[in-house]
Amino acid sequence: SMLLRAQYGGMKCDVQMLHSFAITWLKRFQQSVNYVPPSLSASCCASLDSTSSSSSPSSSASQHSLYWVDFPRILHEKAREKSEALVTFDTVCPGGLTKLKPTDVCSAGIDFHCSPVIEYLLSHVSSRGLLY
């Protein structure tokens, strides 16, 4: 997912950061012993244990070695549970999802760092007056 995001472009330093993180995670997965360091594992799982039931994967992970492949899932477990409880499909779109139209896009959400929107606007003489 990091490499896919990097393909969208953006600031050079951000793209380099994404590539660097992708290499870091690849190395973690390729190691013959790919345990999360005990200090990181303990601090991550301790914060989850205070709100977890004893049968959840996060509490058992704090008692045993934690693999890097499991770390993102465990780290985001509580946020995922809260999100699933708060946001359902009916909350987002009661009655079903229709085909999105260009007018459905929020212009404030367009990131000019990785979108040619500025060049596009400047190339159209009629839109220049709106920019100044």
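**Notebook: an all-helix predicted chain**

I began with the secondary structure, and the protein chain comes to 9 helices and 0 strands. Reading from the N terminus on, I noted the order of elements as α-α-α-α-α-α-α-α-α. I keep in mind throughout that this is a predicted model.

**Confidence**

I looked up the confidence next, and found a mean pLDDT of 75 for the protein chain, with 73% of its residues reaching 70 or more. The highest mean among the elements belongs to α2, at 93, whereas the lowest belongs to helix α4 (residues 57-63), at 44. Over residues 51-63 the pLDDT stays under 50, and for that stretch the model has 20 contacts beyond four places in sequence. I leave those contacts without further comment, because predicted coordinates should not be read in detail where pLDDT is low.

**The chain as a whole**

I then turned to burial and surface: of the 132 residues of the protein chain, 17% count as buried. The accessible surface comes to about 10200 Å², and 63% of this belongs to carbon and sulfur atoms. For the contacts with a separation of 6 or more, I noted that residues 24 or more positions apart account for 47%.

**The nonpolar core**

Which residues make up the largest nonpolar core? I found 7 residues in all, namely W25, V36, C44, L66, W68, F71 and I74. As a general matter, nonpolar side chains in soluble globular proteins tend to be buried together.

I followed W68 from here, and leaving aside residues up to four places away in sequence, W68 touches W25, R28, F29, N34, Y35, V36, P37 and L40. Both W68 and F71 are buried.

**Aromatic rings and R28**

I counted 4 aromatic pairs in the model. In one of them, W68 with F71, the ring centres are 5.4 Å apart and the planes stand at 75°, which is over the 60 degrees required, so I entered the pair as edge-to-face. W25, F29, W68 and F71 form one aromatic cluster.

Where does the charged end of R28 sit? I found it over the ring of W68, 3.8 Å from the ring centre, and the charged end of R28 also sits over the ring of W25, 4.5 Å from the centre of that ring.

**N34**

I looked up N34 as another of the residues that W68 touches, and placed N34 in the loop between α2 and α3 (38-49). Is N34 buried or exposed? Its relative accessibility is 14%, and because the cut-off for buried is under 20%, N34 counts as buried. Beyond four places in sequence, the residues that N34 touches are R28, F29, L66, Y67 and W68. Two of these names, L66 and W68, I had already entered as members of the largest nonpolar core.

**S20**

My last entry concerns S20, which is found in helix α2 (residues 12-30), the element with the highest mean confidence. At 40% relative accessibility, S20 falls between the 20% and 50% limits and therefore counts as partly exposed. I also noted its distance to L3: the two residues are 17 residues apart in sequence, and their C-alpha atoms are 9.7 Å apart in space.

Conventions: Residues are numbered from 1 along each chain as its sequence is written. This is a predicted model: local features need pLDDT of at least 70, side-chain atom pairs count only at pLDDT 80 or more; totals for chains, interfaces and linings use all residues. Side-chain values use heavy atoms; hydrogens and water are left out. Helices (H or I, at least four residues) and strands (E, at least two) are DSSP runs, numbered from the N terminus. Buried means under 20% relative accessible area, exposed over 50%, partly exposed in between (1.4 Å probe, protein chains only). A nonpolar core is a set of buried Ala, Val, Leu, Ile, Met, Phe, Trp, Tyr and Cys residues joined through side-chain atoms within 4.5 Å. Contact means heavy atoms within 4.5 Å. Accessible areas come from the Shrake-Rupley method with a 1.4 Å probe; for residues, only the protein chains shown count as cover. pLDDT is the predictor's confidence in each residue, from 0 to 100. Rings of Phe, Tyr and Trp (its six-membered ring) pair if their centres lie within 6.5 Å; planes under 30 degrees apart count as stacked, over 60 as edge-to-face and the rest as tilted. A charge sits over a ring if NZ of Lys or CZ of Arg is within 6 Å of the ring centre and within 35 degrees of the ring normal.
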